[in-house]
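Visitor: I would like to see how the labels on this model are earned. Please take me from value to cut-off to verdict.

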Amino acid sequence: MTRENTKKLTLSAMFFALGMVLPFLIGQIPAIGKMLSPMHIPVLFCGLIVGWKYGLIVGFLLPLVRSVLFGMPALFPNATGMAFELGTYGFVIALVYSRFPRKNTMAVYISLITAMLAGRIVWGIAQVIMLGVTGGAFTFQAFITIAFVNSIPAIILQLILIPVVMASLDKAGIVCFTS
């Protein structure tokens with residue numbers, strides 16, 4: 001295993017561990033804990049910093065492993081749907097970000113927004129399929145409410161936090177922006 005692969009694997013493990021722990025920390029405030037989507041943040045950073053393969057794997061496995069170990073989120077349909085959503089986040093943010101010749105704050109924003117939209121769409125499709133198979137229904141109104149309206153605090157947090165942290169990591173020399 002090369003040094004670069006070891007670094008990527010180590011960073012991915014750190015983001016995975018952060019995704020396991022953050023819900024406990026934020027969940028101490030029940031009124032806002034779930035609304036901030038704490039597992040999303042490490043997956044988005046993993047995709048940006050480590051790349052699409054690791055972002056996809058960390059994103060897909062994180063909710064499933066957390067569900068099996070801690071019972072939250074419930075394995076079906078919540079964690080299963082989230083696995084597709086977070087896997088898409090990690091994959092799309094990395095893929096879009098890698099296409100920008102200049103790695104800067106604008107590239108982070110465009111990649112982040114694209115990943116957030118794609119992940120929510122994939123989550124909605126997964127919900128339709130899973131609930132359809134079990135005889136349930138998932139309406140367009142439910143999709144809009146859960147994916148966007150109820151997620152406004154998480155969306156705002158991610159749009160502020162992720163570019164700020166990436167800019168800070170650039171100043172620290174950990175990631176490299178080419179302004």
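Guide: Gladly. Keep in mind that the model is predicted. Start with cysteine 176, which counts as exposed at 60% relative accessibility.

Visitor: What makes cysteine 176 count as exposed?

Guide: Its relative accessibility is 60%. Exposed means over 50%. So cysteine 176 is called exposed.

Visitor: And cysteine 46, is it buried or exposed?

Guide: Cysteine 46 has a relative accessible area of 0%. The cut-off for buried is under 20%. Therefore cysteine 46 is buried.

Visitor: How many disulfides does the structure hold?

Guide: Zero.

Visitor: How do you know that cysteine 46 has no bond to cysteine 176?

Guide: Take the sulfurs. The closest cysteine sulfur to that of cysteine 46 is in cysteine 176, 19 Å away. A disulfide needs the pair within 2.5 Å. So the distance is too far for a bond. Cysteine 176 is in no disulfide either.

Visitor: Why is serine 37 called buried?

Guide: Serine 37 has 12% relative accessibility. Buried means under 20%, so the label holds. Serine 37 lies in the loop between helix 2 (30-33) and helix 3.

Visitor: What is the phi of serine 37?

Guide: About 45°, a positive value, although serine 37 is not a glycine. Most residues other than glycine have a negative phi.

Visitor: Which peptide bonds are called cis, and at what omega?

Guide: One joins methionine 72 and proline 73, with omega about -5°. Proline 73 is in the loop between helix 4 and helix 5. Another cis bond joins phenylalanine 76 and proline 77, with omega about 0°. Proline 77 is in helix 5. Most peptide bonds are trans.

Visitor: Why is valine 149 called partly exposed?

Guide: Its relative accessibility is 47%. Partly exposed runs between the 20% and 50% cut-offs, so valine 149 fits. Valine 149 is in helix 7.

Visitor: What makes valine 149 eligible for a nonpolar patch?

Guide: A patch residue needs over 30% relative accessible area, and valine 149 has 47%, so that test is passed. The patch covers about 660 Å² and includes Phe140, Ile144 and Val149. Helix 8 gives the most to this patch, with four residues.

Visitor: Which residues does leucine 48 touch?

Guide: Leucine 48 touches Ile93, Tyr97, Val108, Ile162 and Met166, leaving out residues up to four places away in sequence. Leu48 is also among the members that touch the most others in the largest nonpolar core, which has 30 residues.

Terms used:
Residues are numbered from 1 along each chain as its sequence is written. This is a predicted model: local features need pLDDT of at least 70, side-chain atom pairs count only at pLDDT 80 or more; totals for chains, interfaces and linings use all residues. Side-chain values use heavy atoms; hydrogens and water are left out. A nonpolar core is a set of buried Ala, Val, Leu, Ile, Met, Phe, Trp, Tyr and Cys residues joined through side-chain atoms within 4.5 Å. Buried means under 20% relative accessible area, exposed over 50%, partly exposed in between (1.4 Å probe, protein chains only). Contact means heavy atoms within 4.5 Å. Patches are made of residues with over 30% relative accessible area and no salt bridge: like charges are joined within 9 Å, nonpolar side chains (Val, Leu, Ile, Met, Phe, Trp, Tyr) within 5 Å. Accessible areas come from the Shrake-Rupley method with a 1.4 Å probe; for residues, only the protein chains shown count as cover. A salt bridge is a side-chain nitrogen of Lys or Arg within 4 Å of a carboxyl oxygen of Asp or Glu. Helices (H or I, at least four residues) and strands (E, at least two) are DSSP runs, numbered from the N terminus.
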